[in-house]
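Here are some worked exercises to try at the bench or over coffee. Have a go at each task before you read its solution.

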Amino acid sequence: MFIDNHCHVLGEYYDNIDEVIKKCKAAKVEKIIVSGTNIKTNREVLELVNKYDIVYGTIGFHPTELDDFTDTYFAWLEANINNKKIIGIGEIGLDYHYDNTDKELQIMVFKRQLDIAKKYHKSVIIHSRDSTRDTYNILKDYKLSGVIHCFSGSVEMAREFIKIGYYIGIGGIITYKNAKNIKEVVKEIPLSYILLETDSPYLAPEPYRGKENNPSNIPLIAEAISGIKSVSITEVAAVTTANSRAVFDFFNK
Ligand code: NI
């Protein structure tokens, strides 16, 4: 079986979520973790985890979704974090890609959410774009566990994140011809620190690059990893599933 450790299977992207869930089951993707990014999608995550057995969720406020930020974000998170199928806080982090970035606000919101993760013993799903150094320096002090989603840094940085308790999230980019950097990362770090993710609806693996992604494409990502590491796809499935269970508390389901 496979687990998709990070995706956005939400009404704003998919007309028929029932159909997406069916496809997952057919592809042996037996759990998917749907991440919210703002108040609207976080609310939807709470509905989806109730509706579908294979859906688990994380809730959190994404660094590029802070336009309507208020302090109530944190109270809302705390009020919902103990839902049995909410297994972490995410997608949270830092994103310095855009010129008008309010770094101070991003850092404050990131830290406050890490405080909540610490208080409730939750894992975190981390978004980091053009901000590796700051992300690392903040996470280093928290002693939490989680995943660096859609990792795009160097082998050296991957090793540093592993040392402080993080797993490396690998998605569709690993199937792209020109993705030398991430192939090097997968080659060099142990399989026991890799988590599979689609980030659906984004970043569809080959041969679907550029099209709408969905979690049933997880085996294509596992296949690419099995090629790079010269192990069977069965082993990739078994090890990455065990990794996921080590990071996220699925309550033994
Ligand atoms: Ni994402």
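**Exercise 1: the enclosed spaces**

By class, 4 nonpolar, 5 polar and no charged residues make up the lining of the largest cavity. Before we go on, note that this is a predicted model, in which local features need pLDDT of at least 70, side-chain atom pairs count only at pLDDT 80 or more, and totals for chains, interfaces and linings use all residues. Residues are numbered from 1 along each chain as its sequence is written, and side-chain values use heavy atoms, with hydrogens and water left out.

Task: find how many cavities of 30 Å³ or more there are, and say which residues line the largest cavity.

Solution.

- Step 1, the terms. On a 1 Å grid over the protein atoms alone, a cavity is a set of points where a 1.4 Å probe fits but cannot get out; a pocket is an open set with protein on both sides within 12 Å along at least five of seven lines; lining residues have an atom within 4 Å of a point. Grid points are joined across faces, edges and corners, and a volume is the space filled by probe spheres set on the points. For the classes, Ala, Val, Leu, Ile, Met, Phe, Trp, Tyr, Cys and Pro count as nonpolar, Asp, Glu, Lys and Arg as charged, and the others, Gly among them, as polar.
- Step 2, the count. There are 2 cavities of 30 Å³ or more.
- Step 3, the largest cavity. Its volume is about 70 Å³, and its lining consists of S128, T132, I148, H149, C150, F151, S152, G153 and F161.
- Step 4, the second largest cavity. This one holds about 50 Å³ and is lined by C150, F151, G169, I170, G171, I173, I174 and I182. The classes here are 6 nonpolar, 2 polar and no charged residues.

**Exercise 2: the nickel ion**

Task: name the residues that coordinate the nickel ion, and work out why the arrangement is irregular.

Solution.

- Step 1, the donors. Donors are N, O and S atoms within 2.8 Å of the metal (3.2 Å for Na, K and Ca); water is not among the atoms, so sites may look incomplete. For the nickel ion they come from H6 (NE2), H8 (NE2), E91 (OE) and D199 (OD), at 2.2 to 2.4 Å.
- Step 2, the spacing. Along the chain the donors follow H-x1-H-x82-E-x107-D. H6 in strand 1 (residues 2-7) and E91 in strand 4 (residues 86-95) are 85 residues apart, so this pair links distant parts of the chain. Strands (E, at least two residues) and helices (H or I, at least four) are DSSP runs, numbered from the N terminus.
- Step 3, the angles. Four donors count as tetrahedral if all angles lie between 85 and 135 degrees; four count as square planar and six as octahedral if opposite donors are over 155 degrees apart and all others between 65 and 115; anything else is irregular. The 4 donor atoms subtend angles of 82 to 171°, which makes the arrangement irregular.
- Step 4, burial. Buried means under 20% relative accessible area, exposed over 50%, partly exposed in between (1.4 Å probe, protein chains only). H6 counts as buried because its relative accessibility is 0%, and E91 does too, at 3%.

**Exercise 3: the pockets**

Task: which residues are the closest to the centre of the largest pocket?

Solution.

- Step 1, the volume. The largest pocket has about 490 Å³.
- Step 2, the centre. Of its 21 lining residues, H62, E91, H127, H149 and D199 are the closest to the centre.- Step 3, the strands. Strand 4 and strand 5 (123-129) each supply at least two lining residues; strand 5 gives the most, with 3.
- Step 4, the classes. The lining divides into 5 nonpolar, 9 polar and 7 charged residues.
- Step 5, the second largest pocket. About 190 Å³ of space lies here, with D95 and Y98 among the residues that line it.

**Exercise 4: the strands**

Task: which strands pair with strand 4, and how many of its residues are buried?

Solution.

- Step 1, the pairing. Two strands pair if DSSP finds at least two bridges between them. Strand 3 (residues 55-59) runs parallel to strand 4, joined to it by 3 bridges, and G57 has I86 as its bridge partner. Strand 4 also pairs with strand 5 in the parallel sense, over 6 bridges.
- Step 2, the burial. In strand 4, 10 of the 10 residues are buried, so this strand is largely enclosed by the rest of the structure.
- Step 3, the neighbour. Strand 3 has 5 of its 5 residues buried.
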